[in-house]
Amino acid sequence: METSRIKLCSKDEIPAGGGREFTVADRIIAVFEQGGEYFALDGICPHAGGPLGAGQLTGTTVTCPWHGWQFDVTNGQHGLTPNICQETFPVSIEGVDLYIDLPPCA
């Protein structure tokens with residue numbers, strides 16, 4: 001599947017050990033910084049549509065601020081249920097800028 005490389009922001013726009021939400025190509029993307037690495041995943045919690053980018057990040061686990069669902073930001077895996085997984089997107093860094101590879105919407 002072909003992807004689109006999209007510039008998101010500069011690294012300093014993502015709080016250290018935290019996250020931020022972006023709207024990209026009609027999608028909500030949550031981007032997190034942990035230990036100098038950056039991770040991006042679908043920013044809409046599948047439980048009730050909560051904003052994962054506004055969630056609390058503990059290590060690599062983000063907790064949805066609405067109902068407490070938890071996901072590993074490195075791979076999108078739900079904390080308790082193996083068959084629930086958020087879509088993740090590769091993040092690359094060029095200088096101070098962050099880019100993601102976003103597949104086309106179906």
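The UniProt annotation "domain: Rieske", taken from an unreviewed entry, covers residues 6–100. In this predicted model, the span of residues 6–100 is 0% helix and 46% strand. The C-alpha atoms at the two ends of residues 6–100 lie 5 Å apart.

**A sheet of three strands**

Strands S5, S6 and S7 form an open sheet in the order S5-S6-S7, and the pairing is antiparallel. The edges of this sheet are strand S5 (56–58) and strand S7 (70–72). Each of these two has a single partner strand, so one side of each is left without a neighbour in the sheet. On average, and with direction ignored, neighbouring strands of this sheet are turned by 25 degrees against each other. In general, strands of a sheet pair through backbone hydrogen bonds, either parallel or antiparallel.

Strand S5 and strand S6 (residues 61–63) run antiparallel and are joined by three bridges. Thr-58 has Thr-61, in S6, as its bridge partner.

**Cysteines**

How many disulfides does a search of the whole structure find? The search finds zero disulfides. Cys-45 is in no disulfide, and its nearest cysteine sulfur is that of Cys-64, 4.0 Å away. A disulfide requires a pair of cysteine sulfur atoms within 2.5 Å, and the distance of 4.0 Å from Cys-45 to Cys-64 does not meet this. Cys-85 is likewise in no disulfide; the nearest cysteine sulfur, that of Cys-45, is 13 Å away.

Cys-45 is buried, whereas Cys-85 is partly exposed. The table sets out the relative accessible areas of these two cysteines together with that of Ser-10, a residue described further below.

| Residue | Relative accessible area | State |
|---|---|---|
| Cys-45 | 2% | buried |
| Cys-85 | 44% | partly exposed |
| Ser-10 | 14% | buried |

**Ser-10 and its surroundings**

Where does Ser-10 lie? Ser-10 lies in strand S1, which comprises residues 4–10. Ser-10 counts as buried because its relative accessible area is 14%, and buried means under 20%. The side chain of Ser-10 makes a polar contact with the side chain of Asp-12, at 2.4 Å.

Which residues is Ser-10 in contact with, leaving aside its neighbours within four places in sequence? With those neighbours set aside, Ser-10 is in contact with Val-96 and Asp-97. Ser-10, Val-96 and Asp-97 belong to the stretch of residues 6–100 that the "domain: Rieske" annotation covers.

Terms used
Residues are numbered from 1 along each chain as its sequence is written. This is a predicted model: local features need pLDDT of at least 70, side-chain atom pairs count only at pLDDT 80 or more; totals for chains, interfaces and linings use all residues. Side-chain values use heavy atoms; hydrogens and water are left out. Buried means under 20% relative accessible area, exposed over 50%, partly exposed in between (1.4 Å probe, protein chains only). UniProt positions are given in the numbering used here, feature names are shortened, and annotations may be inferred rather than shown by experiment. Helices (H or I, at least four residues) and strands (E, at least two) are DSSP runs, numbered from the N terminus. Two strands pair if DSSP finds at least two bridges between them. Axes are lines fitted to C-alpha atoms, for helices over the stretch in contact, and angles run from 0 to 180 degrees between N-to-C directions. A polar contact is a pair of N or O atoms within 3.5 Å; within protein, one must be able to donate a hydrogen and the other to accept it, and residues adjacent in sequence count only if both atoms are side-chain atoms. Contact means heavy atoms within 4.5 Å.
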